[in-house]
Structures are given as structure tokens and as C-alpha cells.
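Hello,

Here is the structure I promised to pass on. Please have a look, and then read my notes on it.

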Amino acid sequence: MKLPIFIADAFTARAFRGNPAAVCLLENELDEDMHQKIAREMNLSETAFIRKLHPTDNFTQSSCFGLRWFTPASEVPLCGHATLASAAVLFYKIKNMNSTLSFVTLSGELKARQAEDGIILDLPLYPAHPQNFHEVEDLIKTAIGNTLVQDVCYSPDTRKLLVRLSDTYNRSFLENLKVNTENLTQVENTGKVKGLILTLKGEPGGQTQAFDFYSRYFAPWVGVAEDPVTGSAHAVLSSYWSQQLGKKEMHAFQCSRRGGELGISLRPDGRVDIRGGAAVVLEGTLTA
């Protein structure tokens, strides 16, 4: 078996920043268990598998493909950064001739289109509902101790818990915050929460670029302690911050060590466009 494989850094214009994802192009059907084995071998937060939907399709000319995402531990229903990475490989390396690509996924059909300053993903917008603090207090206290919390919301569609930190904190506080992810899977083992979003209101730009909000994302429940830049979390964050700020167009920064920028635009059809750059940093052949 020889499979073309790439690694692309998503939500960044520069290599070695943003969120890396492996992207595997499947000319033929792959044994079901091989998806997970390859993802474990790649050992990145996500490995994406692009497959042809019809035998006559090809990666250069076709515009619609199947797409699945695997962490080293399990398959996941939605991954923004690995979708962006997949589109980048098809656009930049395979030289796909279409300006818009469609991917058939567990979260329905997702579109990625080329833009001047990167690639735009058309993702579902997931509402976050107010969450009773006391029901999730143990989880929050385990993760961030006595850090002041301003708001807690829950997204039932994605099983993500959104925790907004007090407006008294700044970006540097969130960047340096020590988050304990080791015990979270024991504290929350009901299956209700699969991801923890910490978020903070942005600051007016002085010398630096202004962002509307900041975030960090943790998903030990699916084998990812901290994810560098997370498209799916922003499908929830966009909904929350659009309501809080009264804005449809936003600029976001995920404060992981690698860091990543996202341009956000809420669409009239109730979905969200998330824009980001991508840099392909490795290409090769997987042999097994």
C-alpha cells in the first residue's frame, strides 16, 4: 500500500504555526481499521482522509469528495482545521482546477473556497445555551482552579462547554493560564462534554492587531490535551460572540503556543464562513 500523504499547518500563513493536520489521499477504498492506525502513526491532533465518491473522479478535476477525520484515539464528527488543510492540499499541491470544493462528511456537506487571503470554510453555526454553573463546577474548578468565570454556555450539537473568563483578564493571562487536563476525563465521564472552550473578550488594538475575542480549546475526551487552533470550536464561539458583541464580522485569535488567526463571517443562511491561511510543510508517501 502506497498512499500520498501531506502535513499542512492550518489557520496560519507561515509554516510551523497554526494547527498541523495530516492529509491522506485515497485512490481506492481503505480498510476501516487502517484509518485509525494511520492517524495513530501520524500522531497529530487530526488526520484527514479524502476519498473519491465515484470511480471516475480524480483529485485534479472533481469538485466533490468524501472526507473523514481521525484523532490518534477516535473518529470525530467535525474538524475545521483538517478540512482547511485538506482544501489547501487539493488547491495548492494537487492544483485542483475548481474554485470551490465540497466535502461529504459526518457533519453534512462542507464547502471550502479559495480567497485572495486564504481559504474560506462554510461550516455549521452551533448555538450555545446558558449552562447552570453548579452542574459543571467540578469540571471548571479542576481545569482552571479559582480563575474568575463570567459566563458558561453549552453546545448540545457539539458537546462543547464554553467558559468565558472574566473581562478583567487580558490575552496574556489566557495565554499563560495553566490548565489541568489530566483529570478532566475522570471528573466528567458522562459523555455530556467532549471539549472545553476557554474564551475571553478581545481588547482594542493599540500597537498590535485588534481581535474581537480570544480562546483556547481542550479535548482530552478525544485524546487531544490542547488543540492549537480549532475550526469546530469557532463554529460555537462565532454564535456566542456574535450575540454578545452584536457583530456578524469578527476577527479571532486562538492563544495556544503555536497560535492561529481566524476571520469569521456569519452568513444569512444561518451558517458561518471561517477564513484562514494554510501552509503545506511536508509531502510524501505512506507505505505499509
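The notes below deal with the two domains and the interface between them.

This is a predicted model, in which local features need pLDDT of at least 70, side-chain atom pairs count only at pLDDT 80 or more, and totals for chains, interfaces and linings use all residues. Residues are numbered from 1 along each chain as its sequence is written, and side-chain values use heavy atoms, with hydrogens and water left out.

The protein chain splits into domain 1 (2-120 + 276-287) and domain 2 (129-269), with bounds from an automatic or database domain assignment. Their C-alpha centres are 25 Å apart.

Contact here means heavy atoms within 4.5 Å; by that criterion, 17 residues of domain 1 touch 14 residues of domain 2. About 1200 Å² is buried between domain 1 and domain 2, with carbon and sulfur atoms giving 52% of it. Buried area is the accessible area (1.4 Å probe) that two parts lose on being put together, summed over both. Phe-11, Gly-18 and Asn-19 supply 37% of what domain 1 buries against domain 2, more than any other three residues.

As for polar features, the count between the domains is 1 salt bridge (a side-chain nitrogen of Lys or Arg within 4 Å of a carboxyl oxygen of Asp or Glu). The side chains of Arg-258 and Asp-9 form a salt bridge at 3.3 Å, N to O.

Have fun with it!

Best wishes
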